[in-house]
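I open this notebook to record how helices pack against one another and where nonpolar side chains gather. The entries follow the order in which I looked things up.

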Amino acid sequence: MKLLLVEDEQSLRESILAYFSAEGNICEVACDYHAAMEKINLYSYDCILLDLSLPGGEGMEILRALKKMNKNDGVLIISARHSLDDKVDGLNLGADDYLVKPFHLSELQARVTAIVRRKSFDGNNTIVFNEISIDTQAMKINVNANLLNLTKKEFDLLVYFIANQRKVVTKNAIAEHLWGDEIDLSDDFDFIYTHIKNLRKKLIEAGCKDYIKSMYGVGYKFESI
Amino acid sequence: MKLASQYNRVNLFVSLIVLLLTGVIYYVVIHFILTEKLDRDLSIEEEEIRAYVGTYHKLPLPGDFQDQKVAYRPVKKEDTSGRNFSNCVYLNEKEQEEEPGRSLLTYIMVNKQLFEVTVVKSRLEAEGLVKLIFLITLGIIAFLLLILFLINRFLLNSLWRPFYGILDQMKAFNLADKNEINAEFSKIDEFTELNQAVLSMSQRVKQDYKELKSFTDNASHEMMTPLAVINSKLDTLIQTAGFSDQQGELIEDIYLAVGRLSRLSHSLLLLAKIENNLIKNEELIDLKELLNQKARQFQELLQSNEISISLNLEAKAVSMSKYLADILLNNLMSNAIRHNLKSGHIDVLLSADQLIFSNTGIATALDDTRTFERFNKTASSEGMGLGLAISRQICNLYSFKLSYQYENEKHSFIISF
């Protein structure tokens, strides 16, 4: 996919760039308002990652410009402002999602993937990973053409893993993704272990290879062997 | 005791003493003056008698006229005691009454015979005058006291009104409120000065508070970007292969610390926002449904801690922000789980006027006064100690009352609508 990253913080820009480029995506960057306006005037993107507070102007203005140009680019707002009004304003102006800083790169990847999937394959909501095929609309999973029964959490977990395939995903990123950031219950994320264990078991029973690997206590990695 | 009544008391007391003293002095002085006058009259009478004796060499007739009596008595030289004035009783024969009188006792030689002469005058008129003066003085005292009392009562009250006005405003003064203290108009310099002092103080305090709040806001805000950088760098770091288990643990610890720090910033921002009343979007929230939803949401956590939950919910809707309702219930639910025992129990009770979360936990009651303070937490708690402060702030915003109770070994948090 072709992405545009509008972010003024250099270190953050580099990390995001590195994370997305590794997957063979084309990722362009704009570090201020004017650079971003120039880019969106010239090109189209599958998804624009947009910071709201930029040198030279407001991110919201870029959203308005996009809307005026009738462009169909997906927009994901990444902002330090955890404000409901900003969120509502952004979504009303045509943004597809809103992610509050700080975030996990895996969460960012999952959100971008979801946006791009919704935008680019109109009507086609299927994710395919080797023998696994997922219909995100109907929430159905087929492994080798056999229906696989997963709970809601296991389903979300699988979609999340596939969006972040070949990447190490941390336990708290998974917990936050599945339960929302409200659940800051404990620093002990062992309770997600049960879900991962069940998912792995169900996938293997359905005839998949063991794609989920535990990585040095930090998290998990989903990759085809 | 009020300043006015204290002042009144002293004022009236002193006035009374001074007026009484004045009355006494008046009485004594006037009495003295009148007696002097009487004595002079008596001396004139004596001289007239002497002049008569000098001319005619006989005594005038003993007379009884104009409240005055003259009497003679022959005495031997040895019995005389000298000329003197004295008070005595005067018999008014017209009215057959005894009246106070003043007499002059003197001696006169007529044809070698010594006579004792007694001249008596009625003092009635003089006494009457003294009495009248005394009564007038008393009347003035009473009148003056009454006037003083009325002045104190009504004038002072109205004079002090601006003071009480500003006092009431100071009592009602609340930093978090938007309303300012208004100047009470007064012609009195002291009160005008007080007004100005209070006004400028409240403005200064508000300004400081505002700066402090915006500092918290900005500080929390500015923390987000570096936190985002740390988080993303960590995410990038773990993609590079070849970590040992020990390194993995270290990285996990860093993740946890970053996670806590970002939650802390979010919580502080949220608190500031609630305090500034920046969260609007009120809507009717079906609490029963929301609680059921929370129970589902927390299901895995309850299971992993082997905590059982029982919901006893009546239909109840409140008008509040959905966002804050979520946070409030999340906080209370998280608390009930976090501070629970292994295989403990949570009761959630919703009625028309109350929502109660009660859970099993440590066997001692929490300190009621400090429970809702910021950053107040037990040593074993993994939280930040902001959850209950936020919950209370949310409840305050919608005029609910959040309280804590410990009963039958259960900790209860009660929201009264």
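Before the first entry I fix a term: a crossing is left-handed if the near helix is turned anticlockwise from the far one by less than a right angle, and right-handed if clockwise. I work on a predicted model, in which local features need pLDDT of at least 70, side-chain atom pairs count only at pLDDT 80 or more, and totals for chains, interfaces and linings use all residues. Residues are numbered from 1 along each chain as its sequence is written, chains are lettered from A and ligands numbered from 1 in the order in which they are written, and side-chain values use heavy atoms, with hydrogens and water left out.

**Entry 1, within chain B.** I looked up helix 7 (residues 322-338) of chain B and helix 8 (residues 387-397) of chain B, whose axes lie 9 Å apart at an angle of about 140°; helices are DSSP runs (H or I, at least four residues) numbered from the N terminus, and axes are lines fitted to C-alpha atoms over the stretch in contact, with angles from 0 to 180 degrees between N-to-C directions. The two are therefore oblique to each other, given that angles under 35 degrees count as roughly parallel, over 145 as roughly antiparallel, 65 to 115 as roughly perpendicular and the rest as oblique. I noted the crossing of helix 7 of chain B and helix 8 of chain B as left-handed. Among the residues in contact (heavy atoms within 4.5 Å) are B:Leu324 and B:Ile327 from helix 7 of chain B, and B:Ile390 and B:Ile394 from helix 8 of chain B.

**Entry 2, within chain A.** I found that the axes of helix 7 (residues 171-179) of chain A and helix 8 (residues 191-205) of chain A come within 10 Å and cross at roughly 85°, which makes these helices roughly perpendicular. A:Ile174 is one of the residues that helix 7 of chain A brings to this contact, and beyond four places in sequence A:Ile174 touches residues including A:Leu157, A:Phe161 and A:Ile192.

**Entry 3, the core.** Which residues have the most contacts inside the largest nonpolar core? They are A:Ile132, A:Leu158, A:Ile174 and A:Phe222, in a core of 79 residues, to which helix 7 of chain B gives the largest share, 10 residues. A nonpolar core is a set of buried Ala, Val, Leu, Ile, Met, Phe, Trp, Tyr and Cys residues joined through side-chain atoms within 4.5 Å, buried being under 20% relative accessible area (1.4 Å probe, protein chains only).

**Entry 4, between chains.** Helix 1 (residues 10-21) of chain A and helix 3 (residues 189-237) of chain B have axes that come within 9 Å and cross at roughly 30°, which makes them roughly parallel.

Note on methods. Buried < 20%, exposed > 50% of the residue type's maximum accessible area, 1.4 Å probe, protein only.
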